[in-house]
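Visitor: I'm new to this one, so please pick a single part and take me through it slowly. I'd like to know what sits on it, what it touches, and how it fits with everything else.

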Amino acid sequence: MTAFAAQEGAGPGVVWSWDMRGVNAKGLDLRMRLPDRMGDLETALRARLSKALGRGNISLSLRVSRADDAVGSSVNAEALKAVIAAAAEVAQAAEAAGLALSQPKTTDFLSLPGVYDPRGGETTLPSTETLLADFEGLLAAFLEMRAAEGGELSAILSRQLTDISALIEAADVQAKARQDSAAERLRTQVTTLLETTDLDEA
């Protein structure tokens with residue numbers, strides 16, 4: 001049976017969304033699209049799905065992103081140190097050449113690639129335990145839709161089987177009626193033949 005379920009969740013500074021789809025199949029085929037560095041989560045999800053689903057082609061995806069209202073920023077200390085050292089070297093070379101350079105501003109350093117990230121650096125992923133707990137709601141919704149569609153298909157097949165049984169019974173009645181009528185016609189024709197023709201009765 002086909003089924004679909006989607007769900008969203010949120011944690012400190014991060015949001016995520018699940019998408020799960022399935023179609024009927026003889027065996028169980030699980031396909032997952034998860035963020036990198038989440039091997040433990042994939043192993044746990046496969047075990048949970050294998051236990052809950054006997055068969056089907058199942059596609060599961062998880063997207064994790066920073067919340068729009070997340071506050072924070074990060075400075076790459078190593079990159080900043082390298083930039084300051086390079087600026088000092090340039091200042092010394094300029095002074096030796098008799099050139100006067102203005103002092104760099106803080107924003108000059110922060111605007112350089114790799115030094116400052118106003119978004120706070122790399123998104124911190126939720127824990128495996130948090131996502132697994134959230135996943136249970138998604139799985140429950142998926143199983144509910146799958147069961148509902150299975151019930152609808154069962155009702156359709158039951159109606160069709162009932163219709164087929166009724167047609168078979170009607171056909172059987174008509175066949176018996178035709179059989180009796182044919183036998184009576186044959187008797188009448190044989191009797192007429194015997195009465196009008198000089199034939200041996202045998």
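Guide: Let's start with a bit of vocabulary: a residue is called exposed when its relative accessible area is over 50%, buried when it is under 20%, and partly exposed in between. Keep in mind too that what you're looking at is a predicted model.

The part I'd pick is helix 4, which runs over residues 128-196. To place it, read along the sequence: the pattern goes β-β-β-α-β-β-α-α-β-α, with 4 helices and 6 strands in the protein.

Start with Leu161, which belongs to helix 4. Its relative accessibility is 55%, so with the cut-off at 50% Leu161 counts as exposed. Leu161 has company out there: together with Ile164 and Ile168 it makes a nonpolar surface patch of about 310 Å². Look at the spacing of those numbers and a bit of helix geometry comes in handy. An α-helix has 3.6 residues a turn, so residues three or four places apart point the same way.

Now go to Phe135, also in helix 4, and the picture flips. Phe135 has 0% relative accessibility, so it counts as buried. What does its ring pair up with? Searching the whole structure turns up 1 aromatic pair, and it is Trp18 with Phe135. The ring centres are 5.4 Å apart and the planes meet at 55°, which makes the pair tilted. The partners come from distant parts of the chain: Trp18 is in strand 2 (residues 14-23), 117 residues away from Phe135 in helix 4. Trp18, at 2% relative accessibility, is buried as well, because that is under 20%.

The neighbour in sequence, Glu136, makes a different sort of link. Its side chain forms a salt bridge with Arg48, with the closest N and O atoms 2.9 Å apart. Here again distant parts of the chain are joined, since Arg48 is in helix 1 and Glu136 in helix 4, 88 residues apart. Glu136 is partly exposed at 33%, and Arg48 is partly exposed at 29%.

While we're over at helix 1 (residues 39-52), have a look at another salt bridge: Arg46 and Glu42 meet there at 3.3 Å, N to O. These two are 4 residues apart in that helix, which means about one helical turn separates them. Both sit in the partly exposed range, Arg46 at 32% and Glu42 at 30%. The whole structure holds 4 salt bridges, and one of them joins Asp29 and Arg31 at 3.0 Å, N to O. Asp29 is partly exposed too, with 29% relative accessibility.

So how does our helix fit with the rest? Those links across the chain have plenty of company: among contacts between residues at least 6 apart in sequence, 78% join residues at least 24 apart. Burial like that of Phe135 applies to 18% of the 202 residues. As for the outside, the protein exposes about 14400 Å², and carbon and sulfur atoms supply 55% of that area.

To retrace the walk along helix 4: Phe135 is buried and paired with Trp18, Glu136 reaches Arg48 in a salt bridge, and Leu161 is exposed in a patch with Ile164 and Ile168.

Note on methods
Residues numbered from 1 in each chain as written. Predicted model: local features only at pLDDT ≥ 70, side-chain atom pairs only at ≥ 80, totals over all residues. Heavy atoms only, no water. Phe/Tyr/Trp six-rings, centres within 6.5 Å; stacked < 30°, edge-to-face > 60°. Buried < 20%, exposed > 50% of the residue type's maximum accessible area, 1.4 Å probe, protein only. Patch = residues over 30% accessible without salt bridge, like charges linked within 9 Å, V, L, I, M, F, W, Y side chains within 5 Å. Areas by Shrake-Rupley, 256 points an atom, 1.4 Å probe, with all protein chains shown as cover. Contact = heavy atoms within 4.5 Å.
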